[in-house]
Amino acid sequence: MLSIRNLGKSYLGPGIRQVLRDISLDVARGEYVAIMGESGIGKSTLLNLVAGLEPPDTGSIRIDGCEIVGLDDDRLTRLRRQKMGFVFQAFHLLPYLTVAQNIALPLALNKVAASESGLRVTALLAAIGMKERGDSYARELSGGEMQRVAIARALAHRPQLILADEPTGNLDPASAAQVLALLREQVTTSHAAGILVTHSASAAATTDRTYVLGAGGLFPSASP
Ligand SMILES: Nc1ncnc2c1ncn2[C@@H]1O[C@H](COP(=O)(O)OP(=O)(O)OP(=O)(O)O)[C@@H](O)[C@H]1O
């Protein structure tokens, strides 16, 4: 589903800082991988490149067989909207919309019919354990509840590629465990490819494989 080859990215600052060098990674459908590595090493940069939010300097990123490096903004936006789901540490819910309305947003963007959208929102509310909360406003939720809604929203349009950047960073341990279990389950049931960026070894343990990003590149983690 995702095939990254020889990716390189530098930023201009006082000098040129090479953040990513010769990164390659394959993630198949139904496969969930964690990326760990010290702060500032380039994990979020790698996710941003995969999402097409920034262009790499060198290398190739193929999503479902389509090369995204060099695509224009319109095609990238369409690809993101149709094929990708994002979960971030900051949930980015719209506070003055209800839970159900937040979850339905990507369905509206993808022009999914209202009847189908309603069915999916109902199923997702059940999946995140918030069946009774569809009419609550997002601003009324706890942090853990907001993140569960953010995951439901990220998955509503059935993306084939799920990108999660420190999704449990702001959560208490119980909410974090719930969110991780939900992500794991959804990657499997929707047969998507998933990438979880995390500092937590226990979060990484919920995935199929862990990689460590270091100055020398991206390598499989030595620990199980
Ligand atoms: N737009 C940018 N312009 C200049 N430098 C940038 C930009 N984005 C990221 N960087 C630099 O690239 C490096 C990698 O940043 P990145 O956010 O990818 O690290 P990270 O591994 O995700 O860190 P953390 O675990 O702390 O979130 C950092 O030194 C950062 O300052």
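Helices (H or I, at least four residues) and strands (E, at least two) are taken as DSSP runs and numbered from the N terminus. The structure described here is a predicted model, in which local features need pLDDT of at least 70 and side-chain atom pairs count only at pLDDT 80 or more, while totals for chains, interfaces and linings use all residues. Residues are numbered from 1 along each chain as its sequence is written.

The surroundings of the ligand are considered first. The residues around the ligand (those whose C-beta atom, placed from the backbone, lies within 6 Å of it) are Tyr11, Val19, Gly37, Ser39, Gly40, Ile41, Gly42, Lys43, Ser44 and Thr45. Helix H1, which spans residues 43-50, supplies the largest share of this shell, namely three residues. When the shell is divided by class, with Ala, Val, Leu, Ile, Met, Phe, Trp, Tyr, Cys and Pro counted as nonpolar, Asp, Glu, Lys and Arg as charged, and the others, Gly among them, as polar, the shell comprises three nonpolar, six polar and one charged residues.

Two sheets are described in turn, with two strands taken to pair if DSSP finds at least two bridges between them. An open sheet of six strands follows the order E6-E7-E8-E3-E9-E10, and its pairing is mixed. Strand E6 (84-88) and strand E10 (217-220) occupy the edges with a single partner strand each, so that one side of each is left without a neighbour in the sheet. From one strand to the next the twist averages 20°, where axes are lines fitted to C-alpha atoms, for helices over the stretch in contact, and angles run from 0 to 180 degrees between N-to-C directions. Within this sheet, strand E3 (residues 32-36) pairs with strand E9 (residues 209-214) in the parallel sense over four bridges, and valine 33 stands opposite arginine 209 in E9. Helix H5 (residues 143-155) packs on the sheet and touches both E6 and strand E7 (161-165), its direction making about 165° with that of E6; contact here requires that the C-beta atoms of two residues, placed from the backbone, lie within 7 Å. E9 is also joined to E10 by four bridges, and these two strands run antiparallel. They form a hairpin with two residues between them, and valine 212 has phenylalanine 219 in E10 as its bridge partner.

A further open sheet, of four strands, has the order E2-E1-E4-E5 and antiparallel pairing. Its edges are strand E2 (16-27) and strand E5 (66-67), each of which has a single partner strand, so one side of each lacks a neighbour in the sheet. Strand E4 (residues 58-63) pairs with E5 in the antiparallel sense over two bridges, with arginine 62 opposite glutamate 67 in E5. Helix H1 packs on this sheet, where it touches strand E1 (2-12), E2 and E4, and the direction of H1 makes about 120° with that of E1.

The helix pairs are classified by angle: values under 35 degrees count as roughly parallel, over 145 as roughly antiparallel, 65 to 115 as roughly perpendicular and the rest as oblique. Helix H3 (residues 99-109) and H5 pack at an angle of about 30°, with their axes 7 Å apart, and H3 and H5 are therefore roughly parallel to each other. In this contact Val99, Asn102, Ile103, Leu105 and Pro106 of H3 meet Val149, Ala152 and Arg153 of H5, a set with six nonpolar, one polar and one charged residues.

The axes of H3 and helix H4 (residues 114-127) come within 10 Å and cross at roughly 130°, which makes H3 oblique to H4. Ala100, Ile103, Ala104 and Leu107 of H3 form the contact with Ser117, Arg120, Val121 and Leu124 of H4, and by class this contact has six nonpolar, one polar and one charged residues.

H5 and helix H6 (residues 173-189) pack at an angle of about 10° with their axes 9 Å apart, and are therefore roughly parallel to each other. The contact involves Gly143, Gly144, Gln147, Arg148, Ile151 and Leu155 of H5 together with Ser175, Gln178, Val179, Leu182, Leu183 and Gln186 of H6, and these residues divide into five nonpolar, six polar and one charged.
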